[in-house]
Amino acid sequence: MATRTGRSLLCLGRTHIRALGLQNAAGRVTYATEEPANHQSRFTGPPDRRNKGPFAKKPRRNEGQSRAERMSVDQDWTAVYPSAMPFRANTVPLPVRMGYPVKGGVPSQKRGNLELIKIPNFLHLTPAAIKKHCKALKPFCTEWPSALDTDAKCDEHFPIKVESTDYLSAGPSVRNPSARIVHLKVKLSSLNLDDHARKKMLKLVGEKYCKATDVLTIKTDSCPLRKQNFEYAMYLLTVLYHESWKTEAWEAEKTVADMEEYSWEESPSQKNLLDILVRMKVAGEGEGEEVREQLLGRREVQEYKDSVTRLKNEGDSDSTMLQYKEAVKKVFNL
Amino acid sequence: MAAPMALRRELCSLARILTGISHLGPRALVARSGHKKYNIIRSHLPQTPSTSFHTATVFSSTPSLVTVTEEPDVLYQKVSVLVKGHDRAVLDSYEYFATLAAEELGVNISKVYEPGKEIDRLTLLKSVHIFNKHRVQYEMRTHYRCIELSHLTGCTAQVFLEYIQRNLPEGVAMEVTKTTMEKVPDHILEPMWKDHPVDDKPSQ
């Protein structure tokens, strides 16, 4: 408290303040506008300049001990630095040095050190202060529902994820236009879609679907506000869902080239295999549909069908090629 | 010494804020202005003229500062806080502060990591006119720090983020990415064509 008194006393001007001795009882702060009680009687006129000349300096009073030296070890530091304040060398009782040293020297001391004042300090955020603040903030927090402790459970009950970003920086404006962007992510397996609806949805959506994670991402940034973009994204999802359940008349014209997956029935591979087997006379003499049907029912033919389908859908890999080789050997008894 | 002075100061601003904010509904003020000091506003304090705030009437009854509303809380699966600054030491201290605050408030920290720094370099002419062979180079280094929190409720996220953001040091920027969880809305549960069969329209 002595420094506060000292600061306010300095504000009163260059009169004989030392003699005034303002007493601050119970934490009253004296402001510069307050008239001290016995101001009039102590003011003895302009200072004596007979021996010094017109430009002599006023004698500097003794500094005395700085506040840091008078601090006790068990004081409440949160009262010394209650909020973000610049570094004050005689308030912080640490022997701190900062700055690039001169040749053969050490970094400069803290007294009058501009580097220590420039850098943001965290003296107001000591662990004790943080604990105090959090204790006061704790009643405003709510508990996370205990039934949703794993990500899997969260996905099951809340499958739609909405992502948005807030930006905070110093500058001429508080606003950031990128803050309006909204990403809506949903797993297609959590939506009620049948086979046709799912295929149509994938065709409608195109690039926005990731096959590896089964996640559909809708990114909206066409509206100026985040709320509007979110509502637009939900609208798009609704439209996609309902449109994919609808079957249009022209969908009947779907050709083999439009198919998403390879199917062995009615394919050239099936025709060729059956032709070869009939010519090899595997099922005995005879031509016609019944022989083909009988051949199709055979186990080796089914295995061949599986291996070809897998090869076409999944691509070339060791296991698929191996399976195809085994199936071919079995079908032709090699 | 500092605390009673601060309280009195906050109360004078409280008067101004209360008269302005009383038109907001009860929902808005559960964690509004969660300043780390004591000026949390209660939504249904009576509208008194500002002169009465200089008396001790506000202190006489200790009002509960927390308002509970019926509105369901938002659920955040992930909140990712990315801080950017030019000084790595400042970000180190800030990370310590943020992680300690999260632990104290019971927030789940899933990951704290440091993405690589980015250095922006440019080469300019040293002189105003001619002397092309003499250039000067500047660089701007941006250091990053990312704190990922998981499983936060809306109220907790609001409180924590406001606390963090009010104590953001000068020269540091922040980006907060929130992932909200939503239920599948009712109009997507079943296709509408079951109840409203579509008429044959001419195909596009």
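## Domains of chain A

The domain assignment splits chain A into three parts in this predicted model. Domain 1 covers 67-141. Domain 2 is written in two pieces, 151-168 and 178-247. Domain 3 covers 261-332. The C-alpha centres of domain 1 and domain 2 of chain A lie 49 Å apart.

## Where the two chains meet

How many residues of each chain are in contact? On chain B there are 60, and they are in contact with 55 residues of chain A. Together the two chains bury about 5400 Å². Carbon and sulfur atoms account for 68% of that area.

Across this interface, 14 residue pairs are in polar contact, with both residues at pLDDT 80 or more. Five elements of chain B each supply at least two residues to the side that touches chain A. The helices are α3 (88-105) and α4 (154-166). The strands are β1 (75-85), β4 (135-153) and β5 (172-182). Which element gives the most? β5(B) does, with 10 residues. By class, this side of chain B has 34 nonpolar, 15 polar and 11 charged residues.

## A strand pair across the interface

β5(B) also pairs with a strand of the other chain. Its partner is strand β1 of chain A, residues 160-168. The two run in the antiparallel sense, and 9 bridges join them. Two positions show how the strands line up. E163(A) has T179(B) as its bridge partner in β5(B). S164(A) stands opposite K178(B).

In general, side chains in a regular strand alternate between the two faces of the sheet.

## The salt bridge between the chains

How many salt bridges are counted between chain B and chain A? The count is 1. Over all chains, the count comes to 27.

The pair between the chains is D166(A) and K178(B). Their side chains meet at 3.3 Å, N to O. D166(A) sits in strand β1 of chain A, and K178(B) sits in strand β5 of chain B. These are the two strands that pair over 9 bridges. K178(B) therefore has two roles to follow in the model: it faces S164(A) in the strand pairing, and its side chain forms the salt bridge with D166(A). Such pairing is possible because side chains of opposite charge can pair when their charged atoms come close.

## From the interface into chain A

The strand pairing continues within chain A. β1(A) pairs with β2(A) in the antiparallel sense over 4 bridges. Here E163(A) stands opposite H183(A) in β2(A). E163(A) thus links to both neighbours: T179(B) in β5(B) and H183(A) in β2(A).

Strand β2 (residues 182-187) pairs in turn with strand β4 (residues 215-220) of chain A. That pairing is antiparallel, over 6 bridges. H183(A) has K219(A) as its bridge partner in β4(A).

## The hairpin of β3 and β4

Strand β3 of chain A spans residues 209-210. It runs antiparallel to β4(A), and 2 bridges join the two. Y209(A) stands opposite L216(A).

What lies between these strands? The hairpin has 4 residues between β3(A) and β4(A). D214(A), in this hairpin, takes a positive phi near 60°.

Definitions and conventions:
Residues numbered from 1 in each chain as written. Chains lettered and ligands numbered in written order. Predicted model: local features only at pLDDT ≥ 70, side-chain atom pairs only at ≥ 80, totals over all residues. Heavy atoms only, no water. Contact = heavy atoms within 4.5 Å. Buried area = accessible area lost by both parts, 1.4 Å probe. Salt bridge = Lys/Arg side-chain N within 4 Å of Asp/Glu carboxyl O. Polar contact = N/O pair within 3.5 Å; in protein donor to acceptor, adjacent residues only side chain to side chain. Nonpolar A, V, L, I, M, F, W, Y, C, P; charged D, E, K, R; others polar. Pairing = 2+ DSSP bridges. Domains from an automatic or database assignment.
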